[in-house]
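Please open the structure in your viewer and keep the selection tool at hand. The tour proceeds from one selection to the next.

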Amino acid sequence: MLYPANPASKPLVSLHNVGVRRDGRWLVRGVDFSISPGEIVTLIGPNGSGKSTSAKAAIGVLKPDEGRVERPSGLKVGYVPQKLAIDWTLPLTVRRLMTLTGPLSEREMMAALEAAGMAHMPDAEVQHLSGGEFQRALMARAFARKPDLLVLDEPVQGVDFSGELALYDLIKQIRNSTGCGILLISHDLHVVMAETDTVICLNGHVCCRGTPETVSQSPEYVRLFGSRAAKTLAVYSHHHDHTHLPDGRVLHSDGSVTDHCYPEDGHHHDHDDPEHSHHHHAGERHA
Ligand SMILES: Nc1ncnc2c1ncn2[C@@H]1O[C@H](COP(=O)(O)OP(=O)(O)OP(=O)(O)O)[C@@H](O)[C@H]1O
């Protein structure tokens, strides 16, 4: 059965004007977004732009200093963090990894491993897994408990291109077969899963949001990566025309400095226009 995104249903989580402040600095501010059942939301943004911080605020791992987060009570969240504190000197099998965070019946565990394409290696040593196998095991662990919301922080890190496609396929299957909402943090500014319903670009605040371009149309892209890639990946990229200074002020492209960024900066709008496709400046900074 397919569960398409259903924005009309009550969101699983919604953030309203969320800000997180640490050591006198706003890590993120004014973050608004929500995730509905069956919806795939992808957060993109430069390193340090607050993607992980926003995701942690969304699931309640981190308490916002400003704004509010609404989650129905009893919401089940599966979370795959960007980094895992695992002592690699100790032997750890996939089976043990699956039950580290809580009990799981053999049947539930095997069903999750099966869905993740890992049913053949429950007794494999985690430290010998390939990058793709490791991410599959982590995903299996997260969705084994049938979460309403699955949060995946950079799930394709350390995975090669064909492995990436396979993982995106798996994420799509999870969404389609369970109808859970998915919050995905992408390591790549320019490429998101084609099934992404909403892309949110962070740059210390929500810079812009919209649906991704359906698929990269360019023949070069299809030639380089194949039509399968074009079906799975889409390009979504644009240009930030202002820089967040370390003290929280904003340097605009005309050289002026203000306390905040403004709607008329020319990029604080929702867009999904394929024409609106630029690139980030390397070395861009943000508060
Ligand atoms: N507990 C903390 N105390 C102080 N600063 C923090 C804390 N956690 C994160 N930061 C800072 O907040 C900023 C946002 O971090 P965050 O991990 O959310 O970014 P990100 O967009 O996920 O980055 P990346 O793409 O590099 O993973 C960074 O500058 C980081 O150094």
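Begin by selecting the ligand in this predicted model. The residues around the ligand are Arg22, Asp23, Leu27, Gly45, Asn47, Gly48, Ser49, Gly50, Lys51, Ser52, Thr53 and Gln82. Colour this shell by residue class: 8 of its residues are polar, 3 are charged and 1 is nonpolar. Next, select helix α1, residues 51–59. Helix α1 supplies the largest share of the shell around the ligand, namely 3 residues.

Now colour the protein chain by domain. Domain 1 is made of the segments 1–76, 147–242 and 266–287, whereas domain 2 covers 89–145. Where the two domains meet, 12 residues of domain 1 are in contact with 9 residues of domain 2. On the domain 1 side, select helix α5, residues 161–178: the largest share of that side, 5 residues, comes from this helix. The side of domain 1 that touches domain 2 divides into 9 nonpolar, 2 polar and 1 charged residues.

Keep α5 selected and add helix α4, residues 131–143. How are α4 and α5 oriented relative to each other, roughly parallel or roughly perpendicular? Their axes lie 10 Å apart and form an angle of about 10°. Angles under 35 degrees count as roughly parallel, and α4 and α5 are therefore roughly parallel to each other. The crossing of these two helices is right-handed.

Finally, display the side chains at this contact. From α4, select Gly131, Gly132, Gln135, Arg136, Met139 and Phe143; from α5, select Gly163, Ala166, Leu167, Leu170 and Ile174. By class, the contact of α4 with α5 has 6 nonpolar, 4 polar and 1 charged residues.

Note on methods. Residues numbered from 1 in each chain as written. Predicted model: local features only at pLDDT ≥ 70, side-chain atom pairs only at ≥ 80, totals over all residues. Near = placed C-beta within 6 Å. Helix = DSSP H or I, 4+ residues; strand = E, 2+ residues; numbered from the N terminus. Nonpolar A, V, L, I, M, F, W, Y, C, P; charged D, E, K, R; others polar. Domains from an automatic or database assignment. Contact = placed C-beta atoms within 7 Å. Axes fitted to C-alpha atoms, helices over the stretch in contact; angles between N-to-C directions. Parallel < 35°, antiparallel > 145°, perpendicular 65-115°, else oblique. Left-handed = near helix turned anticlockwise from the far one by under 90°.
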